[in-house]
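Biologist: I have a model open and want to learn how to read it. Can you take me through its features?

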Amino acid sequence: MPKGFYYLIGAQFASALADNALLILGIYFLTEQGYPGWWAPLLKFSLTLAYVLLACVVGPLADAFKKNQLMAWMNALKMLGVVVLLSGAHPVFAFAIIGLGASVYAPSKYGLVTESVPPRLLVRANAWLEVSVVLSVIFGIALGGALTGLAQSWGESASAQNVARSTVLGVQTDAGPSMALIIGIYLVAAVLNFGLKPMAKPVTLVPLSLRSISFATFWKSNQQLWRDPLGGMSLYVTTLYWGVGAVMQFAVLLWAQQTLGLTLKSGAYLQALVAVGVILGAFVAGRRFKLHSARQALPWGLLLAVLLPVIVVISEPGWAIGLLLCVGFSGGMLLVPMNALLQHRGMQVLSAGRSIAVQGFNENLCVLLMLAAYSALLAYGVSLALIMLLMATLLVAAIAPLCLLLWRQWRVPARRSVKA
């Protein structure tokens, strides 16, 4: 890989590690402060909201400044969000600030990949990036679970000794030291961002203008990418994948507690198995697929859809481990080729920052809608089994026509070759 690419991987790993640990810790914080359970998905909702509301701004912003420096400042904004959480503000508001930093961070991160790696290495670079992202999910969830367990131990010890919770800034919480560690990880990520070495390929910065950040300009870019045959198809698949994946993140935790009888800490570890499967899938996909064959990954989406409803009927941890690994593997095999194809077409149709902003807008709008629907269904008492069945039906209805089209295109040349 080109010089500087691995510095990018390290910086993004540290930032995403803190993001994922903080989400698990945030769920504990909600419970500790007495919020109802249906508030938990809304933390993810508030994290994602900025991706949609600021979509027309973040792309031009990433193209106007040195991306590594912009990423460093966004890590500083995430640190501010943790401080706001501990100062007594509503958790959803604090997570919205963290989401604001993440929404600007994402186009810079993916833009650096497209600017530093030639097209022939783009699938492999995406495999590296997805592996680092998923590793950050695994270790972040594990870290969040461990920090949650630590906070619970401190709380139980304080209760046994009849000692009041310690007050951090404006909030009484047992999670203060854990939150301080999260801030420290964000600081490490910011230092790594500033230390990124220059990329091999020179990059021209595009100055900000009112026209470049207008919604009309963004909407035109959005339409351009959707109308591109390969770009629109890959954007369609990744958008749906991330919406379903966001629901899965919380559904697995709920299933682990309701069906398997696990604690939040143990459920977080079980959730990490999906991420392990994604790593395996990303590793295989990076060697199996090239840009020209990326569409051949579509059938893996159908396998993912078949596995989703099976999860909730499993009550044995041993079977659950194998099934979650298969779910993650299918997702990795689908996501990596589609993401590489989308980035390649986005770079050709638009620019690095703008194409990633369009991608982020669509994917995160789907995440918002899916999480809102999931929270509403839980609030109305809909069973988890029915929710998973609905997600599976949605995936099949969306991906099956694409697989059928791919099969027909494959059969036509085959018939012609036989006749010849």
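Modeller: We will go from the overall fold to single residues. Keep in mind that this is a predicted model.

Biologist: Start with the overall make-up. How many helices and strands does the protein have?

Modeller: The protein comes to 14 helices and two strands. Of its 420 residues, 55% count as buried. Then look at the contacts between residues at least 6 apart in sequence: 85% of them join residues at least 24 apart.

Biologist: How do I read a single helix? What is the span of H9?

Modeller: Set the end-to-end distance against the expected rise of 1.5 Å a residue. Helix H9 covers residues 229-258, 30 residues in total. From its first C-alpha to its last it reaches 43 Å, close to the expected 44 Å.

Biologist: Is H9 mostly covered or mostly open?

Modeller: Mostly covered. Of its 30 residues, 22 are buried. Helix H3, residues 55-64, is mostly covered too, with nine of its ten residues buried. Among them are Cys56, Pro60 and Asp63.

Biologist: Now the cores. What is the general idea?

Modeller: In soluble globular proteins, nonpolar side chains tend to be buried together. Here the largest nonpolar core has 97 residues. Ile182, Met248, Trp255, Leu308, Ile311 and Met388 touch the most other members. H9 gives the largest share of this core, 14 residues.

Biologist: Take one of those hubs. Which residues does Ile311 touch?

Modeller: Leaving out residues up to four places away in sequence, Ile311 touches Met248, Trp255, Leu323, Leu324, Val327 and Met388. There is also a second, separate core of 20 residues. It includes Ala11, Val58, Leu70 and Leu112. Val58 is also one of the buried residues of H3.

Biologist: Next, charges. How many salt bridges are there?

Modeller: The count is two. For each one, ask which atoms approach and which parts are joined. Asp19 pairs with Lys78, with the closest N and O atoms 3.0 Å apart. Asp19 sits in helix H1 and Lys78 in helix H4 (residues 67-86), so this pair ties together parts 59 residues apart in sequence.

Biologist: Are Asp19 and Lys78 buried or exposed?

Modeller: They fall into separate classes. Asp19 has a relative accessible area of 23%, so it is partly exposed; buried means under 20%. Lys78 is at 1% and counts as buried.

Biologist: And the other salt bridge? What is the partner of Arg345?

Modeller: Arg345 pairs with Asp228, and the closest N and O atoms are 2.5 Å apart. Arg345 lies in helix H12 (residues 317-349), while Asp228 is in the loop between helix H8 (215-227) and H9, so the pair ties together parts 117 residues apart in sequence. Asp228 is buried, at 11% relative accessible area.

Biologist: What else is in H12?

Modeller: His344 is found there. At 18% relative accessibility, His344 counts as buried, because the cut-off is under 20%. Its C-alpha is 8.3 Å from that of Gly231, although the two are 113 residues apart along the chain.

Biologist: How should I read a polar side chain inside the protein? Where is Gln12?

Modeller: Check its exposure, then look for a partner. Gln12 is in helix H1, residues 5-32. At 1% relative accessibility, Gln12 counts as buried. Its side chain has a polar contact of 2.9 Å with that of Ser132. Beyond residues up to four places away in sequence, Gln12 touches Tyr105, Lys109, Leu129, Ser132 and Val133.

Biologist: Compare that with a nonpolar residue. Is Leu394 buried or partly exposed?

Modeller: Leu394 is partly exposed, at 37% relative accessible area. It lies in helix H14, residues 384-419. Leu394 touches Leu240 and Met370, again not counting residues up to four places away in sequence. The C-alpha atoms of Leu394 and Ala305 are separated by 8.3 Å, with their positions 89 residues apart along the chain.

Biologist: Last point, cysteines. How many disulfides does the structure hold?

Modeller: Zero. Still, check the exposure of each cysteine you care about. Cys326 is partly exposed, with a relative accessible area of 40%. Cys366 counts as buried, at 15%.

Methods
Residues are numbered from 1 along each chain as its sequence is written. This is a predicted model: local features need pLDDT of at least 70, side-chain atom pairs count only at pLDDT 80 or more; totals for chains, interfaces and linings use all residues. Side-chain values use heavy atoms; hydrogens and water are left out. A disulfide is a pair of cysteine sulfur atoms within 2.5 Å. Buried means under 20% relative accessible area, exposed over 50%, partly exposed in between (1.4 Å probe, protein chains only). Helices (H or I, at least four residues) and strands (E, at least two) are DSSP runs, numbered from the N terminus. The expected span of a helix is 1.5 Å times one less than its number of residues. A polar contact is a pair of N or O atoms within 3.5 Å; within protein, one must be able to donate a hydrogen and the other to accept it, and residues adjacent in sequence count only if both atoms are side-chain atoms. Contact means heavy atoms within 4.5 Å. A salt bridge is a side-chain nitrogen of Lys or Arg within 4 Å of a carboxyl oxygen of Asp or Glu. A nonpolar core is a set of buried Ala, Val, Leu, Ile, Met, Phe, Trp, Tyr and Cys residues joined through side-chain atoms within 4.5 Å.
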